[in-house]
Amino acid sequence: MKFKSLFTATTLAAAMCLPMSLSAADDYPNKPIEFIVPWGPGGGSDLLMRLVGKHLEAELGQAIPIINMPGASGTIGLREASRRSNDGYTITQIHEGLLIAHHSGVTELNWDDFDVVSMMTSDNSVIVVNADTGWETLDDMLEAVTERPGHYRMGVTLGGIPHLWAVQFEQSTGTQFGYVGYEGTGERMRALAGGHITVAIEDYFSARAFVENGDMNVLAAATSERIPELPDTPTLQELGHDLEFLVTRGIVLPKGAPESIIATLESALENVANSEAFKTDIENVGGTVRYLNRQDYIDYLERNDEFVENNAHHLD
């Protein structure tokens, strides 16, 4: 009898000492999941991630409130997310800008300071020029820029993703542009439409109204396949340049989350990505569903991180 009592007490004590995260993971999620979007309301990340959150809510059966925390190239919100509990009740979003911010010294955080779950979306980028140039094809532009290195101005976000794209484009085409820095896409598009700059690499959704108004010409799609809205516009790869300019957005967690929680989110996000309703919602705001599972997304981030590290000196 004493032995049985001792065994029961010992077993109970051992069970009580199990990590809380292990037991909490069994019925995950059982409360709202806060989604920190490290950018301001109304931008691309905010619009796309609100749609991810909406569809993920339906998939998991729990509320997913969006918390915008903009600032310092997205690193303020990511810093806050990295400090949160790793119990799965905080998620956040990263894109290639974090890799650039890390290797340019803006933040010590990088993608591997989080637990990666999955990639969800990407933008459809294009090479777009002021219509007054008269350039109708990429060859038209390359011929003119080659003849006058540094003369034509490309709009970028200095130290950001568009800046890195510009470097890649110059390396591939053997051209040289003068860079003009703008903080946001809207400001850059207005400058291009007004002729203050000559060319930009931009997502088509942001440029579409200017293209339809005749203020800009699209010379090439910077995507792996032709953009459905621009069926006659060739991709850079079709034109002989092994380039694809993507802003991809994926979901990550504070480091150290239980494996079962990561797997639950990965499975739920895969279901979301395969939903026709989600695809329609994303396309309606100018994005594309681009799902990668955890391992494939890690592989993608590792490759891009290496490229950014090797080319960060071009962004000084």
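What is the mean pLDDT of the protein, and what share of its residues reach 70 or more? Hi everyone, let me start there, since what we have on screen is a predicted model. The mean is 90, and 91% of the residues reach 70 or more. One stretch needs a caution: over residues 1–15, pLDDT stays under 50. The model also has 0 contacts beyond four places in sequence for residues 1–15. Where pLDDT is low, the predicted coordinates should not be read in detail. I'll leave that stretch alone, then, and move on to the sheets.

Let's take the six-stranded one to begin with. Its 6 strands form an open sheet, in the order E2-E1-E3-E10-E4-E11, and the pairing is mixed. At the edges you will find strand E2, residues 66–68, and strand E11, residues 287–292, each pairing on one side only. On average, neighbouring strands here are turned by 30° against each other, direction ignored. If you want one pairing to look at, try strand E1, residues 34–37, with strand E3, residues 90–94: they run parallel and are joined by 3 bridges. Within that pair, Phe-35 has Ile-91 in E3 as its bridge partner.

While you are zoomed in around E1, look at the loop between helix H2, residues 20–26, and E1, which is where Pro-29 is found. Is the peptide bond from Tyr-28 to Pro-29 cis or trans? That bond is cis, with omega near -5°. For context, most peptide bonds are trans.

Now the other sheet. Here 5 strands form an open sheet with mixed pairing, in the order E7-E6-E8-E5-E9. Strand E7, at 178–181, and strand E9, at 216–221, stand at the edges with a single partner strand each, so one side of each has no neighbour in the sheet. Neighbouring strands in this sheet are turned by 35° against each other on average, again ignoring direction. Strand E6, residues 153–156, runs parallel to E7, and 4 bridges join the two. Val-156 is the residue that stands opposite Gly-181 in E7.

Which strands does helix H6 touch as it packs on the sheet? Helix H6, residues 138–147, touches strand E5 (125–130), strand E8 (199–203) and E9, and its direction makes about 60° with that of E5. Helix H7, residues 161–173, lies across E5, E6, E7 and E8, and runs at about 140° to E6.

On to helix against helix, then. Two packed helices are described by the angle between their axes and the distance between the axes. I have three pairs for you, and two of them share H3.

Pair one is helix H3, residues 44–60, with helix H11, residues 276–284: their axes come within 10 Å and cross at roughly 165°. Since angles over 145 degrees count as roughly antiparallel, that is how H3 stands to H11. The crossing is right-handed. From H3, the contact uses Leu-48, Leu-51, Val-52, Lys-54 and His-55, and from H11, Ala-277, Phe-278, Asp-281 and Ile-282. By class, that gives 6 nonpolar, 1 polar and 2 charged residues.

Pair two is H3 with helix H10, residues 259–273, packed at an angle of about 115° with axes 9 Å apart. These two are therefore roughly perpendicular to each other, and H3 and H10 also make a right-handed crossing. On the H3 side we have Val-52, His-55, Leu-56, Glu-59 and Leu-60, and on the H10 side Thr-264, Leu-265, Ala-268, Leu-269, Asn-271 and Val-272. Those residues divide into 7 nonpolar, 3 polar and 1 charged. Notice that Val-52 and His-55 appear in the contact with H11 and again in the contact with H10.

Pair three takes us to helix H8, residues 185–193, and helix H9, residues 204–212, whose axes are 10 Å apart at an angle of about 25°. That makes H8 roughly parallel to H9, and H8 passes H9 in a right-handed crossing. Thr-185, Met-189 and Ala-193 in H8 meet Ser-206, Ala-207 and Phe-210 in H9. What is the make-up of the contact of H8 with H9 by class? There are 4 nonpolar and 2 polar residues, and no charged ones.

That's my tour. Thanks for listening, and do grab me afterwards if you'd like to go through any of it again.

Methods: Residues numbered from 1 in each chain as written. Predicted model: local features only at pLDDT ≥ 70, side-chain atom pairs only at ≥ 80, totals over all residues. Heavy atoms only, no water. Pairing = 2+ DSSP bridges. Axes fitted to C-alpha atoms, helices over the stretch in contact; angles between N-to-C directions. Contact = heavy atoms within 4.5 Å. Parallel < 35°, antiparallel > 145°, perpendicular 65-115°, else oblique. Left-handed = near helix turned anticlockwise from the far one by under 90°. Nonpolar A, V, L, I, M, F, W, Y, C, P; charged D, E, K, R; others polar. pLDDT = per-residue confidence, 0-100.
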